[in-house]
There are 2 protein chains.
Amino acid sequence: MTISKEIEEAIIESAFIKSYKKGTVLLEEGKISNECYFVIKGCIRSYYIKDGNEITTDFFTEDQSVTPSAYGKKTPSAYYLECIEDTIAGVGTPEQETEMYQKFPETESLTRVLVEAIVTKQQNSLAEFKMDSPEERYVQLQKDRPDLIQRVPQYQLASYLGVQPESLSRIRKRLNKK
Amino acid sequence: MTISKEIEEAIIESAFIKSYKKGTVLLEEGKISNECYFVIKGCIRSYYIKDGNEITTDFFTEDQSVTPSAYGKKTPSAYYLECIEDTIAGVGTPEQETEMYQKFPETESLTRVLVEAIVTKQQNSLAEFKMDSPEERYVQLQKDRPDLIQRVPQYQLASYLGVQPESLSRIRKRLNKK
DNA sequence: CCCATTTCTTAACCAAAGTCAACGAAAAAC
DNA sequence: GTTTTTCGTTGACTTTGGTTAAGAAATGGG
């Protein structure tokens with residue numbers, strides 16, 4: 001889907017660029033979210049805490065955007081957002097978005113298309129989870145996002161892959177021998 | 001989110017009600033989808049075929065709606081839709097939807113909200129998959145959708161839970177002893 | 001009603017992940 | 001720069017799921 005230069009400029013103009021230190025929590029579980037982010041540099045991690053354990057749901061790096069599921073709604077967020085590196089990001093708000101929809105009604109369709117793309121991506125993730133072993137998921141991650149393996153702590157990668165840190169360590173050891 | 005009586009009636013009026021025999025394939029992988037469904041009676045299953053194996057992604061029963069991810073787009077569907085029981089469903093088309101958006105512009109926002117709700121639901125599913133064992137997932141399913149355990153074949157439930165049919169059989173046996 | 005096919009269960013064995021504990025390395029705090 | 005904490009790896013052991021194979025139960029078609 002293409003958008004006009006005019007709209008592109010309007011989006012860029014209305015976005016704030018902010019800078020966050022490593023460790024900054026952008027959104028806490030239970031809080032109302034009213035910002036979405038476009039990562040220019042750095043890495044944002046989204047995670048739940050369930051039974052006292054962190055479950056990492058995703059990592060957002062350069063050129064990826066994070067729209068909290070509760071963004072712009074009155075429902076509290078189900079998860080945390082945390083900068084795991086010093087991060088520079090474009091920040092958007094619902095007010096700004098609403099304004100955008102009024103100025104350029106075609107952007108609402110654009111949003112819908114983008115959200116549908118996220119749905120498709122998530123369906124694939126879930127299917128891979130049902131189908132593949134942890135080892136296969138790690139190999140897939142090496143292909144898809146090799147940078148993550150370098151820049152993200154092992155225990156966070158482990159929870160992202162759905163295994164214990166010890167298991168991830170053994171998986172890596174096994175693969176090295178091959 | 002509430003919708004006006006007027007819109008509700010317009011939606012009902014424009015939908016076709018169709019009836020399908022058990023085993024009917026509503027959508028094949030690779031085909032373009034141009035229908036979405038609202039299940040009035042029966043059960044529709046969505047599934048991938050990956051490396052020759054079926055992976056069930058969801059079951060849609062009474063009062064649930066199925067919107068294929070490729071619905072209304074030119075991209076082919078990533079998965080199959082099959083009626084696993086004799087099914088009666090309301091059928092919608094993109095044309096009808098577009099018409100609806102023109103008549104009632106507020107329904108486009110409604111669609112967006114609904115799609116976002118699907119995203120949230122999927123995020124939860126994935127988090128539960130990362131966190132819980134197959135046994136825990138089965139127990140959860142017993143709580144959330146006890147009817148499925150009665151009406152759906154075990155091997156389809158197994159692929160929905162991400163295990164082999166033999167494992168599901170063992171899980172059930174284990175739980176019976178407790 | 002019977003036969004053929006599909007589905008479900010069980011058993012035996014193997015591989016892999018979870019758990020608990022220990023230790024060294026790396027990172028953070030002081 | 002040293003101390004303290006966190007993180008990553010390893011080992012021993014247990015539990016659980018995958019695989020293969022066989023038989024029982026249910027289903028469907030003629």
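**Figure 1. Crossing of α6(A) and α7(A) in the predicted model.** The two helix axes come within 8 Å. They cross at roughly 95°. An angle from 65 to 115 degrees counts as roughly perpendicular, and α6(A) and α7(A) are therefore roughly perpendicular to each other. On the α6(A) side, the contact is made by Q154(A), Y155(A), L157(A), A158(A) and L161(A). On the α7(A) side, P165(A), L168(A) and S169(A) take part. By class, this contact has six nonpolar and two polar residues. No charged residue belongs to the contact of α6(A) with α7(A).

**Figure 2. The protein surface near DNA strand D.** Around DNA strand D there are 18 residues. Those that come nearest are Q154(A), Y155(A) and S169(A) from chain A, with P134(B) and S167(B) from chain B. Q154(A), Y155(A) and S169(A) also belong to the contact between α6(A) and α7(A). Chain A supplies at least two residues from each of α6 (154-161) and α7 (165-177). Chain B does so from each of α4 (134-144) and α7 (165-177). The largest share, six residues, comes from α7(A). The surface near DNA strand D divides into seven charged, six nonpolar and five polar residues.

**Figure 3. The protein surface near DNA strand C.** Here too, 18 residues lie around the strand. P134(A), Q164(A), S167(A), P153(B) and Q154(B) come nearest to DNA strand C. In chain A, α4 (134-144) and α7 each give at least two residues to this surface. In chain B, α6 (154-161) and α7 each do. With six residues, α7(B) provides the largest share. By class, the surface near DNA strand C has seven charged, six nonpolar and five polar residues.

**Figure 4. Superposition of chain A on chain B.** A rotation of 179° brings chain A onto chain B, with 0.1 Å of shift along the axis. The RMSD is 0.1 Å. That is the relation of a two-fold axis. The same surface serves both copies. Of the contact residues of chain A, 100% recur in chain B.

**Figure 5. The contact between chain A and chain B.** Chain A brings 23 residues to the contact, and chain B brings 23 residues. On the side of chain A that touches chain B, β4 (44-50), β5 (53-60) and α3 (106-131) give two or more residues each. The largest share of this side, 16 residues, comes from α3(A). By class, the side of chain A that touches chain B has nine nonpolar, nine polar and five charged residues.

Key: Residues are numbered from 1 along each chain as its sequence is written. Chains are lettered from A and ligands numbered from 1 in the order in which they are written. This is a predicted model: local features need pLDDT of at least 70, side-chain atom pairs count only at pLDDT 80 or more; totals for chains, interfaces and linings use all residues. A residue is near a molecule or strand if its C-beta atom, placed from the backbone, lies within 6 Å of it. Helices (H or I, at least four residues) and strands (E, at least two) are DSSP runs, numbered from the N terminus. Ala, Val, Leu, Ile, Met, Phe, Trp, Tyr, Cys and Pro count as nonpolar, Asp, Glu, Lys and Arg as charged, and the others, Gly among them, as polar. Copies are superposed by least squares on the C-alpha atoms of residues with pLDDT of at least 70 in both. Two residues are in contact if their C-beta atoms, placed from the backbone, lie within 7 Å. Axes are lines fitted to C-alpha atoms, for helices over the stretch in contact, and angles run from 0 to 180 degrees between N-to-C directions. Angles under 35 degrees count as roughly parallel, over 145 as roughly antiparallel, 65 to 115 as roughly perpendicular and the rest as oblique.
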